[in-house]
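Please open the model in your viewer and keep the selection panel at hand. The stops below go from paired side chains to a patch on the surface, and then to the chain as a whole.

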Amino acid sequence: MSTAPDTAAGSAAGPGPGTGPGAAAGAGAETGAAGGGEPQRLPLLALLALATAVFITSLTETLPAGLLPAMSHDLKVSESATGQTVTIYAIGTALTAIPLTAATAGWRRKRLLLTAMGGFALANTVTAVSSAYGLTMAARFVAGVAAGLAWALLAGYARRMAPPQLQGRAIAIAMAGIPVALSLGVPAGTFLGKVTDWRVAFLAMTALTVVLLLWITAAVPDYPGQERGERPRMLQALRVPGVTPVLFVTLVFVLAHTILYAYIATFLDDLGLGGNTDLVLLVFGAASLASIWIVGAQIHRRLRALTVASALLVAVAAAVLAVLADHTAFVYVAAVLWGLGWGGVPTLLQTAAGEAGGEHADSAQAMLVTLWNVAMAAGGVIGGVLLDVAGSDSFPWSVLLLLLPVLAVVLAARPHGFPARRSAD
């Protein structure tokens, strides 16, 4: 989840469309920022390709959750062991995002994007045909590595294709693949696995990725990588005012969300609503899409206010689930509030990290990718411990507790990180 090399690579001339040899390929839909002529527009075809890449990345990570029983049977391991296919994916991303971002900083952007998505095609194909647990876990780790490359690239790619005043909206379009994957992709993949075979669901992911590779080749503009003297320097980025608060908010906010989301089926089942899990997730996903649209329209002027509102909405949703979950209607109200709060968070945090990092934006974004996936892996583990020790009722209270420091840091980071006034305004 990041804008890594792309934001920094174009920083010398200020944010906006790239100036590399491939930039002209995407110039038809939007005039260069410096042109000062016609009103600028977004390259929707290219941005939708990036949104599809985000969809594949997100769905590849979460798809096993809906297919655990069948996968467990064929791989001849327990469902809890099969569930670790999600954890190993997050670990692969967390361990490799920073070093791979540094190692590939000089690569041309389209080449890097095609390589990352090719990794997904390979990993999902191996997962689909594997009957050995070890081989499946290795394939899932490779998928996580590919995700590390992709997340360190996608949002920055979207931002680079857009004129300055539309960069937030461009990132929002690209990030729309996340709620679509969670609300529609996972239920659809689960249904496909049930009516056919779980392996078909993964092969379908491969087929979609092959189509995307052709789409990227034809429609997405290319940009140069970074010069050697501009390569990522992680420690220097941490010294930039505003970067640490954004990274802290990322770690704790994602942790809070994951503790509840990873075990939402169990939470609902304990309420007697296990049969409604798909519908609750659909409501959550629809609200998330609305959130992305709102954030995309307002982020250029209101990043700080939107971040505060997001944390408050998720906190209120958790409070509703903690106190009123015995009433089915309030569960759906909480799902709407949760989706409205969470949907725009990836866009908000990536934008905040890129702007706070300045000339070290690539490093800040790579660390954001790592911490995001650390939080996801930790959320699964901590949620499991909470479930065993305190029961599913503890999940919404844990979310509330974690969001208190999130709100405090966002409010305190007024000069840098989540500033009241943004330089791009």
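A salt bridge, as the term is used here, is a side-chain nitrogen of Lys or Arg within 4 Å of a carboxyl oxygen of Asp or Glu. The model is predicted, and a search of the whole structure finds two such salt bridges.

Begin by selecting Arg199 and Asp74, whose side chains meet in a salt bridge with an N to O distance of 3.9 Å. This pair links distant parts of the chain, since Arg199 belongs to helix α10 (residues 198–219) and Asp74 to helix α3 (residues 68–75), with their positions 125 residues apart in the numbering. Switch on a surface and ask of Arg199: is this residue buried or exposed? Arg199 counts as buried because its relative accessibility is 17%, and the cut-off for that class is under 20%. Its partner Asp74 has a relative accessibility of 23% and therefore counts as partly exposed.

Next, select Arg108 and Asp222, where the side chains meet in a salt bridge at 2.7 Å, again taken from N to O. Here too the pair links distant parts of the chain: Arg108 lies in the loop between α4 (79–103) and α5 (109–129), while Asp222 lies in the loop between α10 and α11 (234–238), and the two are 114 residues apart. With a relative accessible area of 29%, Arg108 is partly exposed, whereas Asp222, at 16%, is buried.

Now move to the surface and select Leu184, Leu279 and Leu282, which form a nonpolar patch with about 250 Å² of accessible area together. To place one member of the patch, colour helix α14 (residues 277–324), where Leu282 is found. Leu282 counts as partly exposed because its relative accessibility is 39%, and residues need over 30% to be part of a patch.

Finally, clear the selections and display the whole protein chain, in which there are 18 helices and zero strands. Of its 425 residues, 57% are buried. The chain exposes about 16,200 Å², and carbon and sulfur atoms supply 68% of that area. If you turn on contacts, which share of those with a separation of 6 or more comes from residues 24 or more positions apart? Such residues account for 86% of these contacts in the protein chain.

Terms used: Residues are numbered from 1 along each chain as its sequence is written. This is a predicted model: local features need pLDDT of at least 70, side-chain atom pairs count only at pLDDT 80 or more; totals for chains, interfaces and linings use all residues. Side-chain values use heavy atoms; hydrogens and water are left out. Patches are made of residues with over 30% relative accessible area and no salt bridge: like charges are joined within 9 Å, nonpolar side chains (Val, Leu, Ile, Met, Phe, Trp, Tyr) within 5 Å. Accessible areas come from the Shrake-Rupley method with a 1.4 Å probe; for residues, only the protein chains shown count as cover. Helices (H or I, at least four residues) and strands (E, at least two) are DSSP runs, numbered from the N terminus. Buried means under 20% relative accessible area, exposed over 50%, partly exposed in between (1.4 Å probe, protein chains only). Contact means heavy atoms within 4.5 Å.
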